[in-house]
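Reader: I'd like to learn how to read a model like this one, feature by feature. Can we go through it together?

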Amino acid sequence: MKTLNFRVILFAFALIFGVVFSIPSLTQSEQGKKITLGLDLQGGLHMLLGIKSEVAIASRIKSMAGTVKYIFDDEEIIFDELRMVDGDNHNKKITFELLDSDDVAKATALIKKELEGTVLSQNGLKFTLEMTAQEIARTKKNAISQAVDTIRTRLDSFGLAEPTVAKQGEDKILVEVPGIKTQADEQRIRELIARAAHLQLMAVDEDRNARVGSMSAAEAKSYGDVILKDVNTPEKYLLRAIPVLDGSMLTDAKVGFDTNNQPVINFTLNGQGAKIFGDFTGKYVGKRMAVVLDNDVYSAPVINERIGGGRVQISGHFKLSEAHDLAIALRSGALLAPVYVMEKRSVGPSLGADNIKASMEALILGFVFVVLFMILYYGMAGVVANVALVGNLFLILAVMSLFGATLTLPGMAGIVLTVGMAVDANVIINERIRELLHEGKSIAKSIEEGYNKAFTAILDANVTTLIAAVVLWAYGTGPLKGFALTMGIGILASMLTAIVGTHGIYQWILPKIDKKKLGFWFGIKTEGNK
């Protein structure tokens, strides 16, 4: 027998690689990397979310009001009555009054420079600031896109394997989370997804806070204030409605522990936020500033001195899991608009087991039929092709395991399809070899020319199919990605196993191939052998 050649050695390494790295997935071992089963195979949570885009408009207006206050304070422009009021179509607008006519030109220029997409109207020294229709539409669109990115980041940070988060239609979001099997896990995921995580630092209205208990929301609004409750006690606070700063200036949030070893959230502000925070705390020593999260006051400490560095802490008698989830929500960013569940469906693991069983039966049945056909029609050449087919399957499983890919029902369909596509290359090669043998050429020449002639056709077919798989993966979502992934890996693996591997095996066993037994080796009989 001829010495081993580089092709058969490469194929042997590929086969060993495939078997070794497929074992954790095949045995579902706790050790090593393995394939993650998708929602349709292992069960999980399916949700369709709606989004309240009108809240994003109100939040944008509030943020703009905070910007106006900051730039006026920074430029020492004297103003009064900075308020948010209801405008047309329930959209908010900002009103304020300048106290010095000399500041009008400067204030107008600053607003136009800092706040794009707005319309500023003037009546004497009273001004009204509104968003343009284009800016409102853009804000609504951004709210959807930002919600998709934020929810995906939260679920990824939570440690969930391959969650699906995608925009559906104009104003809906599809969320699929595999592996959620208990009510407690489901509730925790729903809270993590839906949590707005809107952080604000707000000044306490010390002049009127003493009578907050008897004050109505309408009266508070007339003062430019808002009444919010403490998250842990019945106490209420009268806060300035326009925040000192908000979570958009947050750069990081981590779980820590206070002096009593209770979980707290430590967060860091960016450069602008740190400057605003430092300036405010320096100016209002002896006053209180409330840390507000999703309209609940978590703490309202007295400012004892200027606080620089942009580091702030949230304490609220958290459980460790709550603090962890809150830190994730803060790091991923606040939702510009709250989301709500329009449709929820729990897919039970029993359905997944049935799907796996049916898919495995289809895979095994298809594999067996292909193997039998190749052996009966091509003889030992069919056996060589079947060895390559086994190697192809193990390579698909190994590569998917290494990347921690998610296997869905369409993905299993992709594997079944790959079985047929992988053996198709060897069908083309074997037919070319048989044609050359019929012409009376030697076995060695028939094998070499057979591979050379078949290679172009095989390469063209595989490249075009691979392009389709890449496009499906790039632009598809969920099931389409799973199908495209397994098909793409299968095509690449078949190029190695069906072309390089089988060619090497033929070169290795060439001395053993008897020209008088071509029926046994290639499933044919020549005239000279009858």
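Author: Sure. One definition to begin with: helices (H or I, at least four residues) and strands (E, at least two) are DSSP runs, numbered from the N terminus. Keep in mind that this is a predicted model. With those labels, Glu81 falls in strand E3.

Reader: How many helices and strands does the chain have?

Author: There are 15 helices and 19 strands.

Reader: And the overall shape? What radius of gyration does the chain have, and what would a compact globule have?

Author: For a compact globule of 530 residues you'd expect a value near 24 Å, but this chain comes out at 34 Å. The C-alpha atoms fill a box of roughly 110 × 50 × 40 Å along the principal axes. About 26,300 Å² is exposed, with carbon and sulfur atoms supplying 57% of it. Buried residues make up 45% of the 530. As for contacts with a separation of 6 or more, 69% are between residues 24 or more positions apart.

Reader: Let's do sheets. What holds strands together in general?

Author: Strands of a sheet pair through backbone hydrogen bonds, and the pairing can be parallel or antiparallel. Here, one open sheet has four strands in the order E3-E4-E6-E5, with antiparallel pairing. Strand E3 (79–86) and strand E5 (118–123) stand at the edges with a single partner strand each, so one side of each has no neighbour in the sheet. The twist averages 20° from one strand to the next.

Reader: Over how many bridges do E5 and E6 pair?

Author: Six, in the antiparallel sense, with E6 covering residues 126–131. To find the register, look at Val119, which stands opposite Glu130 in E6. Helix H3 packs on this sheet, touching E3, strand E4 (92–98), E5 and E6, and its direction makes about 175° with that of E3.

Reader: Can you pick a residue in that helix? Is Ile61 buried or exposed?

Author: Ile61 sits in H3, which spans residues 53–74. Buried means under 20% relative accessible area. Ile61 has 0% relative accessibility, so it counts as buried. Setting aside neighbours within four places in sequence, Ile61 is in contact with Met84, Lys92, Lys93, Ile94 and Met131. Also, its C-alpha atom is separated by 9.1 Å from that of Leu129, 68 residues apart along the chain.

Reader: Which strands form the other sheet with the order E12-E9-E15-E16 at its heart, and how do they pair?

Author: Those four strands form an open sheet in that order, and the pairing is antiparallel. Its edge strands are strand E12 (245–246) and strand E16 (296–299), each pairing on one side only. Three bridges join strand E15 (residues 289–293) to E16, and the two run antiparallel. Val291 stands opposite Ser299 in E16.

Reader: What about a hairpin? How many residues lie between E10 and E11?

Author: Six residues lie between the two strands of that hairpin. Strand E10 (residues 225–229) and strand E11 (residues 236–240) pair in the antiparallel sense over five bridges. Lys229 has Lys236 in E11 as its bridge partner.

Reader: Now the nonpolar cores. Which residues of the largest one touch the most other members?

Author: That core has 44 residues, and Ile433, Ile447, Tyr506, Ile513 and Phe522 touch the most other members. Several helices supply at least two residues each, including helix H1 (6–27), helix H12 (409–438) and helix H14 (479–509). The largest share, nine residues, comes from H12. Not counting residues up to four places away in sequence, Ile433 touches Ser446, Ile447, Gly450, Tyr451, Tyr506 and Phe522. Apart from this core lies another, of 27 residues, among them Ala197, Met249, Ala253 and Leu326.

Reader: Last one, backbone torsions. What sign does phi have in most residues?

Author: Most residues other than glycine have a negative phi. Back to Glu81, then: it isn't a glycine, yet its phi is positive, about 55°. Glu81 is partly exposed, with a relative accessible area of 37%.

Reader: Where is Asn261 found?

Author: Asn261 is in the loop between strand E13 (250–257) and strand E14 (263–269). Its phi is near 65°, again a positive value in a residue other than glycine. At 56% relative accessibility, Asn261 counts as exposed.

Conventions:
Residues are numbered from 1 along each chain as its sequence is written. This is a predicted model: local features need pLDDT of at least 70, side-chain atom pairs count only at pLDDT 80 or more; totals for chains, interfaces and linings use all residues. Side-chain values use heavy atoms; hydrogens and water are left out. Buried means under 20% relative accessible area, exposed over 50%, partly exposed in between (1.4 Å probe, protein chains only). Contact means heavy atoms within 4.5 Å. Two strands pair if DSSP finds at least two bridges between them. Axes are lines fitted to C-alpha atoms, for helices over the stretch in contact, and angles run from 0 to 180 degrees between N-to-C directions. A nonpolar core is a set of buried Ala, Val, Leu, Ile, Met, Phe, Trp, Tyr and Cys residues joined through side-chain atoms within 4.5 Å. The radius of gyration is taken over C-alpha atoms; the globule rule is 2.2 Å times the number of residues to the power 0.38. Accessible areas come from the Shrake-Rupley method with a 1.4 Å probe; for residues, only the protein chains shown count as cover.
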